[in-house]
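Here's a quick briefing on the metal and ligand sites of one model. Have the sequence and the 3D view open while you go through it.

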Amino acid sequence: MADSGFALPKPRSSGPPFFSRNQIAKALHQVAVLLELKGANVFRVRSYQNASRMLGGITEDLGELVATGQLFEMKGIGKGLGSALSQAIGEGRWPSDWVDLHEQTPQGMIEMLGIPGLGPKRIKLMSDELGVDSVASLKQAALEGQIAPMKGFGEKSQQRMLDGIELLARFRARRRLDIGLMYGEAFQSNISTIDGVIKAQLAGSARRRKETIGDLDLVVAVLPEHHDEVADSILKLPGIADVKGAGGSKISLILDTSVFEGGFKLDHIDPNVLDAIGGEHYEQLESGGTIDAQVRLVPPHVFPFTLAYFTGSKEHNIAMRQRAIDRGMRLNEFGLIPEAEAGELKGMAAAEYSLIAETEEEIYRHLELEWVAPELREDMGEIVAAEHRGLPHLVTNNDIRGALHNHTTLSDGEATLEEMADTARKIGWNWLGVADHSPTLKVANGASAEDLLNQGTMIKSYNQAWEEEGVDFRLFHGVESDILADGKLDHPDDVLAQLDYTVASVHAISKWRARDEVQNTEDLLTCIDHPATTILGHPTGRILQGREGYEVDLYAVLEHMAEHNRDGRLKAVELNASPYRLDLDWRLCKHAKELGVPVIINPDAHSVRGLADVGYGVMVARKGWIESDNILNSLSASDLSLRLNH
Ligand code: DGT
Ligand code: CA
Ligand code: CA
Ligand code: ZN
């Protein structure tokens with residue numbers, strides 16, 4: 001695959017200025033890196049590097065600096081660089097030596113730049129001494145121990161390179177849902193603004209809310225007479241690092257982070273999670289990341305069929321197509337076509353005879369089905385349910401009245417109890433539960449029993465004050481207790497008994513991953529039996545794109561929890577809504593629901609912004625067939641209070 005995060009930006013269609021300040025800074029930086037890869041003179045490299053930094057930081061309007069000639073007077077911009085930039089900004093043409101540099105640098109060298117922690121200087125060295133010219137040959141050399149003996153490298157840096165290669169491969173393969181949606185929604189909204197675009201919609205796994213996304217699929221409705229100009233305009237949108245193919249109704253391209261207006265920033269990441277997804281290198285990986293996208297342009301009357309087809313899943317499509325065949329029809333991305341009329345015709349020609357559908361609903365209706373929400377289209381029983389009008393009334397964001405697993409400054413949260421409560425009230429919640437870490441988790445600043453109980457006293461006084469003022473909001477007091485290796489909880493029973501609830505979670509992941517499924521499952525069952533345990537937190541400990549969870553038989557765990565619930569003891573399973581976790585997996589949500597184990601969607605917020613992550617949990621819950629009645633989040637504060645303190 002061509003890497004592609006590393007191309008010169010394409011000029012805007014309406015200029016001058018043809019490039020933004022960010023694009024210019026990025027291009028200068030890239031030229032510096034490529035020069036260094038080539039072994040150019042350090043002063044030359046540095047002058048590009050400095051110019052990049054300087055122009056990236058200015059507040060003046062770049063177009064104006066060029067127009068007035070002031071650009072030439074700026075520190076670090078010599079005559080050569082000044083004219084090069086004036087031409088780029090004023091005429092939309094990059095200097096030919098920059099273009100040559102990009103074209104002549106071997107793809108393999110550029111690919112190696114994506115390895116976290118590896119810079120051009122060392123790549124050049126390894127290339128000269130070992131003939132390494134791609135990620136694959138670098139990996140080979142490292143595995144054969146050829147890197148370590150080189151001057152200035154050593155065993156450690158050889159291992160770090162191997163780790164980096166693995167991390168890069170993981171990032172290349174698929175992206176997390178939150179990241180995929182960020183790219184997809186930004187690109188969709190850019191396409192929507194193009195003249196002639198009637199509608200643009202995200203399809204594929206992003207629309208189905210899969211936990212990770214392979215590539216983005218977008219469907220665009222456009223009249224045939226506007227097709228070509230719209231296709232041209234799409235190719236000129238910001239954020240396109242490379243075009244893999246464009247012809248007919250399909251455009252394949254690669255997006256990079258310049259699709260985000262105002263740059264790409266990551267929110268606060270909980271250190272436990274960060275550690276699993278690349279630590280200090282994570283931000284570099286993510287901001288140098290790319291994602292593939294496929295855009296299909298179709299006439300409006302075909303749009304619903306194309307949207308449905310490319311929403312998938314493949315398995316759902318196959319089942320739908322079979323249903324059409326059973327009714328003497330052909331279903332594809334162009335239409336739902338009676339065979340008798342289409343005869344030998346194919347593709348768009350056959351689609352002339354398609355039944356009419358203005359929306360997806362009508363396609364499903366033609367096949368005697370209720371419309372199936374995209375999240376459910378996995379061929380996991382949705383078609384039978386749609387046939388019998390038995391699809392679930394999926395939970396929505398509006399059903400969420402609060403959540404129970406959130407952190408404050410008492411452990412590793414950024415915000416105080418007051419700030420968290422304020423924000424929860426502002427976003428319209430009826431209640432909020434705080435569950436700070438327990439003492440064993442030293443890296444997360446686990447709170448002592450004494451501090452925890454003091455927090456409880458504060459919570460009581462807040463609740464009392466709100467009650468007196470007639471404010472319909474309350475705090476619940478819990479703890480996120482570590483589950484210790486023998487299934488015990490991390491506070492004395494008399495401390496736990498004073499709380500409203502306990503979220504029990506495993507954090508010693510490497511230890512649990514080193515053990516077998518039987519042992520892990522047994523310890524979880526023991527922990528669930530503890531009278532204080534109310535909620536099983538992030539049930540597998542997985543970090544998406546980071547690490548697998550520990551082995552555990554979650555079916556057995558859920559069945560055990562179901563038994564408790566049948567006997568009237570509340571044991572809920574968490575759907576951790578952090579986009580890095582999304583744990584409980586959606587495939588198991590449906591199982592929990594069928595067993596009657598209540599689900600609680602928890603953002604595991606470590607900041608006030610973190611509360612919004614509950615939205616990702618709602619997406620996954622929907623994908624797992626969850627209805628409002630299946631979650632604790634939909635209860636009023638008083639009903640929840642009854643459930644917690646039976
Ligand atoms: P991804 O990209 O791996 O996260 O997953 P999807 O589901 O977005 O898959 P993708 O991008 O390969 O294709 C988008 C949709 O197009 C897919 O969900 C269903 C449809 N599709 C693709 N290939 C086939 C196929 O061979 N048969 C059928 N029936 N549908 C297909
Ligand atoms: Ca896709
Ligand atoms: Ca695709
Ligand atoms: Zn946790």
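## Metal and ligand sites

The site of the calcium ion (ligand 2) is irregular, with angles of 71 to 170° among its six donor atoms. For reference, ideal angles at a metal with six octahedral donors are 90 or 180 degrees. Keep in mind that this is a predicted model. Below is a walk through that calcium ion, its calcium partner, the ligand beside D215, and a zinc ion.

**Calcium ion (ligand 2)**

- The protein donors here are D215, through both O and OD, and D217, through OD.
- Those protein donors lie 2.2 to 2.4 Å from the calcium ion (ligand 2).
- D215 counts as partly exposed because its relative accessibility is 23%, and the buried range stops under 20%.
- D217, on the other hand, has a relative accessible area of 10% and is therefore buried.

**Calcium ion (ligand 3) and the bridge**

- D215 bridges the calcium ion (ligand 2) and the calcium ion (ligand 3), and the two ions sit 3.6 Å apart.
- Coordination of the calcium ion (ligand 3) comes from D215 (OD), D215 (OD), D217 (OD) and Q294 (OE1), at 2.3 to 2.6 Å.
- Along the chain, the donors of the calcium ion (ligand 3) follow the spacing D-x1-D-x76-Q.
- D217 is in strand β4 (residues 216-222) and Q294 is in strand β7 (residues 290-298), so this pair ties together parts that are 77 residues apart in sequence.

**Ligand 1**

- Ligand 1 has 16 residues around it, and the closest are R174, S205, R208, G214 and D215.
- By type, the shell around ligand 1 splits into three nonpolar, seven polar and six charged residues.
- α11 (204-207), α15 (303-311) and α16 (314-326) each put at least two residues into that shell.
- R174 has a polar side-chain atom 2.8 Å from an oxygen atom of ligand 1.
- D215, the residue that bridges the two calcium ions, has a side-chain N or O atom 2.8 Å from an oxygen atom of ligand 1.
- D217 also makes an approach, with a polar side-chain atom 3.1 Å from an oxygen atom of ligand 1.
- On its own, ligand 1 has 590 Å² of accessible area, and the protein covers 71% of that.

**Zinc ion (ligand 4)**

- E480 (OE), H507 (NE2) and H538 (NE2) are the protein donors of the zinc ion (ligand 4), lying 2.0 to 2.3 Å from it.
- The sequence spacing of these donor residues reads E-x26-H-x30-H.
- E480 belongs to strand β11 (residues 474-482), while H538 is in the loop between β13 (535-536) and α26 (554-566), so the pair ties together parts that are 58 residues apart in sequence.
- E480 and H538 are both buried.

**One more residue to look up: N317**

- N317 is found in helix α16.
- Is N317 buried or exposed? N317 is buried, because its relative accessible area is 13% and the cut-off for buried is under 20%.
- If you want a long-range marker, N317 and S134 are 183 residues apart along the chain, and their C-alpha atoms are separated by 39 Å.

Definitions and conventions
Residues are numbered from 1 along each chain as its sequence is written. Chains are lettered from A and ligands numbered from 1 in the order in which they are written. This is a predicted model: local features need pLDDT of at least 70, side-chain atom pairs count only at pLDDT 80 or more; totals for chains, interfaces and linings use all residues. Side-chain values use heavy atoms; hydrogens and water are left out. Donors are N, O and S atoms within 2.8 Å of the metal (3.2 Å for Na, K and Ca); water is not among the atoms, so sites may look incomplete. Four donors count as tetrahedral if all angles lie between 85 and 135 degrees; four count as square planar and six as octahedral if opposite donors are over 155 degrees apart and all others between 65 and 115; anything else is irregular. Buried means under 20% relative accessible area, exposed over 50%, partly exposed in between (1.4 Å probe, protein chains only). A residue is near a molecule or strand if one of its heavy atoms lies within 4 Å of it. A polar contact is a pair of N or O atoms within 3.5 Å; within protein, one must be able to donate a hydrogen and the other to accept it, and residues adjacent in sequence count only if both atoms are side-chain atoms. Accessible areas come from the Shrake-Rupley method with a 1.4 Å probe; for residues, only the protein chains shown count as cover. Helices (H or I, at least four residues) and strands (E, at least two) are DSSP runs, numbered from the N terminus. Ala, Val, Leu, Ile, Met, Phe, Trp, Tyr, Cys and Pro count as nonpolar, Asp, Glu, Lys and Arg as charged, and the others, Gly among them, as polar.
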